[in-house]
Amino acid sequence: MSHIAREAEIASGVRLQLVQGDLTREQVDAIVNAANAYLQHGGGVAGAISLAGGRVIQQESDDWVRRYGPVTHARPAVTSAGRLPCRYVIHAVGPVWGSGEEELKLSQAVAGALEVASELSLRTVSMPAISTGIFGFPKERAAQVIFAAIRDFFASHPTSSLELVRLVLLDAATLNVFLKAWQTFFSPKEKES
């Protein structure tokens, strides 16, 4: 069961929610996977998504890489969602900490996922704290980059089809880091749950 910790309205009436919960149980149009460039979903968020969604996600991911090559930070891949309660999985490649230009790459991954969701005319999308797990991106910095990327995307895409973006965090420790960053970005008018 997910819990909405914060909610705010950002540019163009889009709602942003900060949620503690399980990304694989999100009933939205698409979830965003924190993927690697070759879409090998062995561990972390990617492993959980692949396990919950079934083999079709890995099969379609392998097909994507064979057809288009490795996935870039700025341009995510898309597969069906298999057994997940959403329609699509958008596979965004976040940076490995220490690889160089990590903040730019993370910003590109978040914006790219939102761009793909908009191109698919989706209304709702849920994403994890990309790169903060096995890729080692410090959570405090990631929270700032992710919130800024979401805010900036909608400021520059006022006609996006998206109406709701949910940032879904599994554990309380990560949620607490993102709650601190939330105050930097959003007015005190947001709903507190």
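User: How do you know what confidence the predictor has in this protein chain?

Analyst: This is a predicted model, and the mean pLDDT of the protein chain is 94, with 96% of the residues reaching 70 or more. Since pLDDT runs from 0 to 100, the mean of 94 can be read against that scale. Over residues 189-193, however, the pLDDT is below 50, although this stretch still has eleven contacts in the model beyond near neighbours in sequence. Where pLDDT is low, the predicted coordinates should not be read in detail.

User: What makes the radius of gyration of the protein chain agree with that of a compact globule?

Analyst: For 193 residues, a compact globule would have a radius of gyration near 16 Å, and the protein chain has 15 Å, so the two values agree. Along the principal axes, the C-alpha atoms fill a box of roughly 45 × 35 × 35 Å. Buried residues, meaning those under 20% relative accessible area, account for 51% of the 193 residues.

User: Which elements make up the protein chain, and in what order do they run?

Analyst: The protein chain has five helices and eight strands, and from the N terminus on they follow the order β-β-β-α-α-β-β-α-β-α-β-α-β.

User: Why are strands β1 and β2 called paired?

Analyst: Two strands pair if there are at least two bridges between them, and six bridges join β1 (residues 3-9) to β2 (residues 15-20), so the condition is met. These two strands run antiparallel, and one of the partnerships sets Ile 4 against Val 19 in β2. Together β1 and β2 form a hairpin with five residues between them, and Ser 12 in the turn has a positive phi of about 60 degrees.

User: How do you know that β2 also pairs with β7?

Analyst: The same reasoning applies, because at least two bridges are required and six bridges join β2 to β7 (residues 164-169). Here the strands run parallel, and Val 19 stands opposite Val 168 in β7. Val 19 is therefore a residue with a partner in each of two strands, being the bridge partner of Ile 4 and standing opposite Val 168.

User: What makes the contact between Arg 15 and Glu 7 a salt bridge?

Analyst: A salt bridge needs a side-chain nitrogen of Lys or Arg within 4 Å of a carboxyl oxygen of Asp or Glu. The closest N and O atoms of Arg 15 and Glu 7 are 3.6 Å apart, so the pair qualifies. It is one of nine salt bridges in the structure.

User: Why is Glu 7 called buried, and why is Arg 15 called partly exposed?

Analyst: Buried means under 20% relative accessible area, and partly exposed lies between that and the 50% limit for exposed. Glu 7, at 14%, therefore counts as buried, whereas Arg 15, at 35%, counts as partly exposed.

User: How do you know that Glu 103 and Arg 141 form a salt bridge, and which parts of the chain do they link?

Analyst: Their closest N and O atoms are 2.8 Å apart, which is within the 4 Å limit. The pair links distant parts of the chain, with Glu 103 in helix α3 (residues 102-119) and Arg 141 in helix α4 (residues 139-156), 38 residues apart. Glu 103 is partly exposed at 35%, and Arg 141 is partly exposed at 40%.

User: What makes Asp 152 and Arg 151 a salt bridge?

Analyst: Their closest N and O atoms are 3.1 Å apart, so the 4 Å limit is met. Asp 152 is partly exposed at 41%, and Arg 151 is partly exposed at 36%.

Definitions and conventions: Residues are numbered from 1 along each chain as its sequence is written. This is a predicted model: local features need pLDDT of at least 70, side-chain atom pairs count only at pLDDT 80 or more; totals for chains, interfaces and linings use all residues. Side-chain values use heavy atoms; hydrogens and water are left out. Helices (H or I, at least four residues) and strands (E, at least two) are DSSP runs, numbered from the N terminus. Contact means heavy atoms within 4.5 Å. The radius of gyration is taken over C-alpha atoms; the globule rule is 2.2 Å times the number of residues to the power 0.38. Buried means under 20% relative accessible area, exposed over 50%, partly exposed in between (1.4 Å probe, protein chains only).
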